[in-house]
Amino acid sequence: MSTFDSLWESTLDVGKDPACGGYNRFAWTTEDLVLREWFAGCAADRGMDVEEDRNGNVWAWWRPRLWSGDPKGAFVTGSHLDSVPGGGAFDGPLGIVSAFAAIDILKARGVEPKVAVAVVAFADEEGARFGVACVGSKLSTGALPPEKALNLRDGDGVTLAEAIKKAGRDPNHVGRDEDLADKVGVYVELHVEQGRALDLLGRPIGLASAIWPHGRWRFDFCGEANHAGTTRLADRRDPMLAFATAVHAARARAAAHDAVATFGKVLVTPNGANAIPSQVRAWLDARAADEATLLSLVESITAHADRDCGESGLSVSVHAESVTPVVDFSAEVRAKVQQSLAYLGDVPVLSTAAGHDAGVLSGTVPTAMLFVRNPSGVSHSPLEHAELSDCRVGAEALAAVMADWTSW
């Protein structure tokens, strides 16, 4: 069994939901803490030093023989360990496993890096528990203010500050990492492709050119609770109807803008089978090829909801919870990565509509992304898949990039 295979198998039991076959690995839960211990064990097995930074991101360091003091200009790779509800096995952990496997590949070849190498697992990339994606990397870059982050609440009303404290960390320490730009020379994230472009091209590996601008908006539709059986239709102020028309409008307007829009999370109050709701709180995920189109799309969906609620005696308020601008990955870094992967032939260059920690870091440090083919084209689902043979190619590719970057 290859190093990649054994590492990969060691992750597969943590947080698996037997009902759906997917994974529930949410930030600062037991599953998250178990995977952090797994990460530390992988590092210890390789003689790597482990540290958890002020924002809960975990780093494992491969030190050059003559390295002393704080790291400067390190080659950093990794991804995240958390998941969406019922998510696939590959989204996030593939990048972590591939990073450790790449180090094993280089060590087996006797390669000794001239600069520090780090594997990093960023905290709460998916935002499944507290509603904001890429919390760990956004805190580190200063994109997310500490006070806003710590006051985020999960579905049970637990704040991020409370969750961090329960996990044995001090929430008062979170905040911008002032040394990040000096510490990281480049960040290269390997990730399963969240689409079928590589499969259609018949290629196992791809490179990212850009990430679409995207965001999450919370819509609060408010009406009046009442009896589901005794209230005349004409007397009802049912926010569920406004929500339903907003879902349809989002789909139609996304198609008109050549974009995507999804209402994927809903909370209903009082949530009784025999009660007309008083409120429907729903989250819109919207993404487009450029920021002007994204803004126009969300404004159009909001205007429709406003108009519909006004005509129905309801109200709606819209709150932007997180908005990420377009990310254009460095052409210079991409060219160097392509040079390292020349042995694979022409590596396809793709844009993606999925957000990643690499996108967050791109404004602070040079970044690049590698994608591994996903023949199912499915992600954020138990059906997400990558062939182990392609994953091994990905680990070899990451090792090639790591070797070239650290031999300066």
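**Figure 1. The whole chain, seen through its contacts and overall dimensions.** Long-range packing dominates here: residues 24 or more positions apart account for 77% of the chain's contacts with a separation of 6 or more. Keep in mind that this is a predicted model. There are 13 helices and 15 strands to find your way through. The radius of gyration is 22 Å, close to the 22 Å from the globule rule for 408 residues, so the chain is as compact as a globular protein of that length. Along the principal axes, the C-alpha trace spans about 80 × 45 × 40 Å.

**Figure 2. Surface and charge.** Of the 408 residues, 52% count as buried. About 17400 Å² of the chain is exposed, and carbon and sulfur atoms supply 51% of that area. As for charge, there are 37 positive and 54 negative ones, and their mean positions sit 1 Å apart.

**Figure 3. H80, D91 and H191, a trio that UniProt marks as a binding site.** The annotation comes from an unreviewed entry. The three residues span 112 residues in sequence, yet no two of their C-alpha atoms are more than 9.7 Å apart, so they gather at one spot. H80 is part of strand 3, which runs over residues 74-80. With a relative accessibility of 0%, H80 counts as buried. Setting aside residues up to four places away in sequence, H80 touches both of the other annotated residues, D91 and H191, along with G92, P93, I96, F122, E125, E126 and D357.

**Figure 4. D91 again, this time with E126 and H380.** UniProt, again in an unreviewed entry, places a "binding site" feature at these three positions. They span 290 residues in sequence, but no two of their C-alpha atoms are more than 9.9 Å apart, so this set gathers at one spot too. D91 itself is in the loop between strand 3 and helix 3 (93-108). It is buried, at 5% relative accessibility. Beyond its neighbours within four places in sequence, D91 has contacts that include E126 and H380 from this set, H80 and H191, and also D82, V192, Q194, S379 and E384.

**Figure 5. R216, from a binding-site annotation that is spread out.** The unreviewed UniProt entry groups R216 with N274 and R287 as "binding site". These residues are spread over 72 residues of sequence and also spread in space, with up to 35.9 Å between C-alpha atoms. R216 lies in strand 7 (residues 214-222). Its relative accessibility is 21%, so R216 counts as partly exposed. Neighbours within four places in sequence aside, R216 is in contact with E126, G127, G131, V132 and A133, then L284 and D285, and finally H319, A320, E321 and S322.

**Figure 6. T11, a loop residue tucked out of solvent reach.** T11 sits in the loop between helix 1 (3-9) and helix 2 (30-45). At 2% relative accessibility, T11 counts as buried. Not counting residues up to four places away in sequence, T11 touches R25, W38 and V97.

**Figure 7. D235, another loop position, shown with E387.** Look for D235 in the loop between strand 8 (226-227) and helix 9 (239-256). D235 has a relative accessibility of 41%, so it counts as partly exposed. From its C-alpha atom to that of E387 the separation is 56 Å, and the two residues are 152 residues apart along the chain.

Terms used
Residues numbered from 1 in each chain as written. Predicted model: local features only at pLDDT ≥ 70, side-chain atom pairs only at ≥ 80, totals over all residues. Heavy atoms only, no water. Helix = DSSP H or I, 4+ residues; strand = E, 2+ residues; numbered from the N terminus. Rg over C-alpha atoms; globule rule 2.2 N^0.38 Å. Buried < 20%, exposed > 50% of the residue type's maximum accessible area, 1.4 Å probe, protein only. Contact = heavy atoms within 4.5 Å. Areas by Shrake-Rupley, 256 points an atom, 1.4 Å probe, with all protein chains shown as cover. Lys, Arg positive; Asp, Glu negative; His and termini not counted. Charge placed at Lys NZ, Arg CZ, Asp CG, Glu CD. UniProt positions renumbered as here; feature names shortened; annotations may be inferred.
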